[in-house]
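Welcome! Here are some exercises to work through with the sequence and the 3D view side by side. Try each task yourself before reading its solution.

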Amino acid sequence: MPIKQIIKLSNNQGMHIKLSNWGATWLSCVLPVHGQNREVLLGCQSFEQYQQQDAYLGATIGRYANRIANASIDIDGKHYMLAANQGVNQLHGGKIGFDKRLWHIQSQSDQQVTFKLISPDGDQGFPGELNVEVNYQLTDDNQVIILFNATTTKTTPVNLTNHAYFNLDGETSKDILNHRLKVNANYYLPVDANGIPHNDLVSVNMHDMDLRRPKLLFEKLLESQERQITGGYDHAYLLDKTKAIAAELISSDNKVIMNVITTKPSLQVYTGNFLQHTPNRHNGEYGNFAGVALEAQFLPDSPHHASWPQPSCFLHPDQIYRYQTTYQFIVS
Ligand code: GAL
């Protein structure tokens, strides 16, 4: 009987992270900041609580991160109905996404662990057996490198990401609204109230969505109509691939900076707009905006938008899906 396990990785800087084979989940991220340990990742106290929450805290998301409109796709003239779990749409891979599976621990050492999952043909409606591996590595220069690998037996859309929520002031501080965020993106995707794109990509100059210079998250947060629709930032930015760094998050005390580096084309910026009632580690609950998720992925609903300027989200049997996202922590 497979059991839920906790794996701890440590580096020579005194940083350590915890992970679990349940959901291939990133549970904890502790940084030494001027002699004090700072937990910068939101998380729960127990596996029971992880199973109760629906915020996808730290989980590996698959087979398809973000939304697929009407929970249906067409591949080579064949129509597939997928498991809908948010109204008529699919969110984060369906009712029983990869975040709710017990993964196999493939390999493990002091600074890395690899989780493996076989998603059967027809899983949540998706065609093809998908073989997935997620490797987490903690380097001695405080980088958490997440490598996603997958192969399939039939053509299927694949969009794997990690759903960590960060609070660089420390997860017991109330919210991330005084963090500054920079995202190297010239375009973002407008969405409707269900998070479904209703338009093509739009310049960030429109509707006050520009994050190309570090911006305080609370600044006019609910003044822009775009952000009123979603209760805060909950938007995909198309990354400017001429820039080495996708995003930079800066704590309100300026002591911690987190860089996001990814081979994925887009970054979902989600300011935790619906986090309230999510159990925290201290017998209490998180409030809205307690953490920010910076999820590297394909643009939402990509299976229906082949013309968008990004690599195809469809994986074919003769291909290997391989993407990497790094969260780099700098203490100053
Ligand atoms: C995010 C998504 C949000 C919300 C959240 C989970 O990735 O963009 O709209 O669904 O996951 O609570």
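**Exercise 1. Cysteines**

Find how many disulfides the structure holds, and say where the nearest cysteine sulfur to Cys29 is.

*Solution.* Step 1: the structure, which is a predicted model, holds zero disulfides. Step 2: look at Cys29, which is in no disulfide; the nearest cysteine sulfur belongs to Cys44 and is 16 Å away. Step 3: a disulfide needs two cysteine sulfur atoms within 2.5 Å, so a pair 16 Å apart does not qualify. Step 4: check the surroundings. Cys29 has a relative accessible area of 0% and is buried. Cys313, with 5%, is buried as well.

**Exercise 2. A sheet and its edges**

Work out the strand order of the open sheet of nine strands, and then decide which strands are its edges.

*Solution.* Step 1: follow the sheet across, and the order reads 10-11-12-13-29-23-22-17-20, with antiparallel pairing. Step 2: the edge strands each pair on one side only; they are strand 10 (104–109) and strand 20 (215–216). Step 3: zoom in on one pair. Strand 12 (residues 130–138) runs antiparallel to strand 13 (residues 143–152), and nine bridges join them. Step 4: for a landmark in this pair, find Gln137, which has Ile145 of strand 13 opposite.

**Exercise 3. The ligand and its neighbours**

List the residues that surround the ligand, then say how much of the ligand's accessible area the protein covers.

*Solution.* Step 1: around the ligand you will find Asp54, Ala55, Tyr56, Arg67, Leu91, His92, His163, Asp234, Gln268, Tyr270, Phe274 and Glu295. Step 2: pick out some polar distances. A polar side-chain atom of Asp234 is 2.5 Å from a ligand oxygen. For His163, an N or O atom of the side chain lies 2.9 Å from an oxygen atom of the ligand. For Gln268, the corresponding distance from a side-chain N or O atom to a ligand oxygen is 3.3 Å. Step 3: on its own the ligand has 310 Å² of accessible area, and the protein covers 94% of that.

**Exercise 4. Salt bridges**

Count the salt bridges in the structure, and explain which parts of the chain Arg281 and Glu39 tie together.

*Solution.* Step 1: the count is eleven salt bridges. Step 2: one of them joins the side chains of Arg281 and Glu39, at 3.8 Å from N to O. Step 3: Arg281 sits in the loop between strand 25 (278–279) and strand 26 (285–286), while Glu39 belongs to strand 4 (residues 36–39), so this pair ties together parts that are 242 residues apart in sequence. Step 4: both partners are buried, Arg281 at 17% relative accessible area and Glu39 at 15%. Step 5: widen the view, and Glu171 joins Glu39 and Arg281 in a network of salt bridges.

Now compare a second bridge. Lys154 and Asp121 meet through their side chains at 2.6 Å, N to O. Lys154 is in the loop between strand 13 and strand 14 (156–157), and Asp121 is in the loop between strand 11 (112–119) and strand 12, so parts 33 residues apart in sequence are tied together. Lys154 is partly exposed at 40% relative accessible area, and Asp121 is also partly exposed at 40%.

Finish with a third. The side chains of Lys174 and Asp175 form a salt bridge of 3.5 Å, N to O. Here Lys174 is exposed, at 70%, whereas Asp175 is buried, at 16%.

**Exercise 5. Backbone surprises**

Locate the cis peptide bond from Gly62 to Arg63, then find where Ala24 and His207 lie.

*Solution.* Step 1: recall that most peptide bonds are trans and most residues other than glycine have a negative phi. Step 2: the bond from Gly62 to Arg63 is cis, with omega near 0 degrees. Arg63 lies in the loop between strand 5 (60–61) and strand 6 (67–68). Step 3: Ala24 is not a glycine, yet has a positive phi of about 45 degrees. Ala24 lies in the loop between strand 2 (16–20) and strand 3 (25–33) and is buried, at 0%. Step 4: His207 has a positive phi of about 60 degrees. His207 is in the loop between strand 19 (202–203) and strand 20, and at 43% counts as partly exposed.

Key. Residues numbered from 1 in each chain as written. Predicted model: local features only at pLDDT ≥ 70, side-chain atom pairs only at ≥ 80, totals over all residues. Heavy atoms only, no water. Buried < 20%, exposed > 50% of the residue type's maximum accessible area, 1.4 Å probe, protein only. Pairing = 2+ DSSP bridges. Helix = DSSP H or I, 4+ residues; strand = E, 2+ residues; numbered from the N terminus. Near = heavy atom within 4 Å. Polar contact = N/O pair within 3.5 Å; in protein donor to acceptor, adjacent residues only side chain to side chain. Areas by Shrake-Rupley, 256 points an atom, 1.4 Å probe, with all protein chains shown as cover. Salt bridge = Lys/Arg side-chain N within 4 Å of Asp/Glu carboxyl O.
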